[in-house]
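Open your viewer, switch on the cartoon view and get ready to select residues by number. Shall we take a look around?

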Amino acid sequence: MSNKILAITGPTSGIGKSTVIELASEYDILILLCRNVDKGESVKQLIQARHPYKRVDIIKCDLSDLASVMQAATNILNRYTHVDCLINNAGVVSLTRQKTVDGYELMFGTNYLGHFLLTHTLFEKIMESEDKQIIIVSSGAYKYTAMGNHNFAYPLKFNPVKSYSKSKLAVLYFMQELDERFSKHGLNVSAVHPGAVSTNLGKTKYNKKIGDFIYKVFDSFFISPEEGALSTIKVTKNRTLFNGKYVYEGKVVPVEKYGLNYFQRKKLIRDTLEELQLDQFMYLNNNY
């Protein structure tokens, strides 16, 4: 029997850290895709203290840098025969307008484009596995804005709520497209909204004071990262039950508003392929 392999982005804090620690017992190899490898080492030590015989590999991956994403994906392609489960967990919130190294708005570039390219590059390895599972961490914020046009242009005007919402609508569309095209080939894909989780999301060196203030004021309304991770953990362990579904706090809920716009979804996927200079949506060999 081949090893069961989990790959997860953003595993060094918040929901991602709680998720990978809880799922460590379910997998033989854990691939931690980290922007900060030192923090990754700390999580690795924590996991191996509880599970001494688990293999935990750290791969540097900055989702806001497409070259870093490609390097991380190439490392996985060279080291592993398959990936049973990919959890696209990492996310960023910015209260100020920021640009990725590739010129995209930070949240759209990180939350959507980085994960799209990572998934595309690893797709064949996922489809060669036994579980064939992808979990995408989304957000109920997808309901707050339409996709619109000019999504790849750096915005002249910046609204943090709309920009974040657009990135989360994009990843929801991504899940829907994956399910529509590949569920018949055995792919199990789900989008998870963990709820309002108390993490460091949104707090950067540029807005630390206002970020700290917001979290202090609303702290009583937040759930813990451990509680927020429960949805992802539940979906991971019940992949066929939640296949193709949008899951909120562990329960399947219907997609609403902008999440139902089929034509905007198709346009986004076409535009993304063109922007990333990809000739097809996900790569599969002729066995499929």
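Start by selecting Gln98, which is buried, with a relative accessible area of 16% (buried means under 20%, using a 1.4 Å probe and protein chains only). Gln98 sits in the loop between β4 (85–88) and α4 (106–127); helices (H or I, at least four residues) and strands (E, at least two) are DSSP runs, numbered from the N terminus. Now add Ser94: its side chain makes a polar contact with the side chain of Gln98 (2.9 Å), a polar contact being a pair of N or O atoms within 3.5 Å, one able to donate a hydrogen and the other to accept it.

A word on what you see: this is a predicted model, where local features need pLDDT of at least 70 and side-chain atom pairs count only at pLDDT 80 or more, while totals for chains, interfaces and linings use all residues. Residues are numbered from 1 along each chain as its sequence is written, and side-chain values use heavy atoms, leaving out hydrogens and water.

Next, show the strands. You will find an open sheet of eight, in the order β3-β2-β1-β4-β5-β6-β7-β8, with mixed pairing (strands pair if DSSP finds at least two bridges between them). β3 (55–60) and β8 (251–252) stand at the edges, each with a single partner strand, so one side of each has no neighbour in the sheet.

Finally, select α5 (residues 160–182) and α8 (residues 262–275). Their axes, lines fitted to C-alpha atoms over the stretch in contact, are 10 Å apart, and the helices pack at about 90 degrees. They are therefore roughly perpendicular (65 to 115 degrees).

Technical notes:
Axes fitted to C-alpha atoms, helices over the stretch in contact; angles between N-to-C directions. Parallel < 35°, antiparallel > 145°, perpendicular 65-115°, else oblique. Buried < 20%, exposed > 50% of the residue type's maximum accessible area, 1.4 Å probe, protein only.
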